[in-house]
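Hi everyone, thanks for making time today. I'd like to walk you through a structure that may be new to you, with an eye on its charged side chains.

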Amino acid sequence: MLATLLMLAALQAPAPDTSLESALALARTDIRANKAALIGRALALPDSQAQVFWPLYREFEAETAKLWDERIKLVRDYAAVYDTLSDTKAREFVQRAFDIDERRVKLNRSTYKAMSKKLPGRTVAHFFQVDGFLSRVVELKVLAALPEVR
């Protein structure tokens, strides 16, 4: 069932469009809009767990959205100077990307701790499995649209 839900999520994106703006729109809206529903279907939580899970999830998703906004700004900043990218600017972009990645890991760890205190371990693991897949689908779409550093 999980594989089916995840494949549906991946396939919900429109026909292949490798434009950067299309990829960024996916990151901002398409997957985000359907993510909670996909996670809800995948986890199929009993009411007792759902009452605990969803408030924690909403906090997590609000912070995740902020990180995605920063990632999108980074991508746009890179695209704006791609043709004249200097070594200094390239290093700055890599450092900004590392910072966002580190903050995402920190958010995952803190959310994991909060969820693990109140929910079964398998439920928490299942959530992070599904969330990780959905995040990577979006990341791959954005990365595929970025021009390669030359």
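**Charges on the surface and inside**

Let's begin on the outside: Arg109, Lys113, Lys117 and Lys118 form a positive surface patch. Please keep in mind that this is a predicted model.

Take one member of that patch, lysine 113. You'll find lysine 113 in helix H4, which covers residues 87-118. Is lysine 113 buried or exposed? Its relative accessibility is 56%, so lysine 113 counts as exposed, since the cut-off for exposed is over 50%.

Now to the salt bridges. How many does a search of the whole structure find? The search gives 12 salt bridges, and I'll show you a few.

Here is one between glutamate 61 and lysine 35, whose side chains meet at 2.9 Å, N to O. This pair links distant parts of the chain: glutamate 61 sits in helix H3 (residues 47-81) and lysine 35 in helix H2 (residues 20-43), with the two 26 residues apart. If you look for them in the viewer, note that glutamate 61 and lysine 35 are both buried.

Next, please turn to arginine 104. Its salt bridge partner is aspartate 131, and the closest N and O atoms are 2.8 Å apart. Which parts does this pair tie together? Arginine 104 belongs to helix H4 and aspartate 131 to helix H5 (residues 121-145), so the salt bridge ties together parts that lie 27 residues apart in sequence. Arginine 104 and aspartate 131 are buried as well.

There is also a network to point out: Lys73, Asp77, Lys89, Glu92 and Arg96 are joined into one by salt bridges that share partners.

Let's zoom in on two of those residues. Aspartate 77 makes a salt bridge with lysine 73, where the closest N and O atoms are 3.1 Å apart. Because they are 4 residues apart in helix H3, about one helical turn separates aspartate 77 and lysine 73. How exposed is each of them? Aspartate 77 is partly exposed, at 22% relative accessible area, and lysine 73 is partly exposed too, at 49%.

One last stop, this time without a salt bridge to discuss. Threonine 123 is in helix H5, and it is buried, with a relative accessible area of 13%. What does the side chain of threonine 123 make a polar contact with? The partner is the side chain of glutamine 49, at 3.1 Å.

That's my tour, and thank you for listening!

Notes: Residues numbered from 1 in each chain as written. Predicted model: local features only at pLDDT ≥ 70, side-chain atom pairs only at ≥ 80, totals over all residues. Heavy atoms only, no water. Patch = residues over 30% accessible without salt bridge, like charges linked within 9 Å, V, L, I, M, F, W, Y side chains within 5 Å. Areas by Shrake-Rupley, 256 points an atom, 1.4 Å probe, with all protein chains shown as cover. Salt bridge = Lys/Arg side-chain N within 4 Å of Asp/Glu carboxyl O. Lys, Arg positive; Asp, Glu negative; His and termini not counted. Charge placed at Lys NZ, Arg CZ, Asp CG, Glu CD. Buried < 20%, exposed > 50% of the residue type's maximum accessible area, 1.4 Å probe, protein only. Polar contact = N/O pair within 3.5 Å; in protein donor to acceptor, adjacent residues only side chain to side chain.
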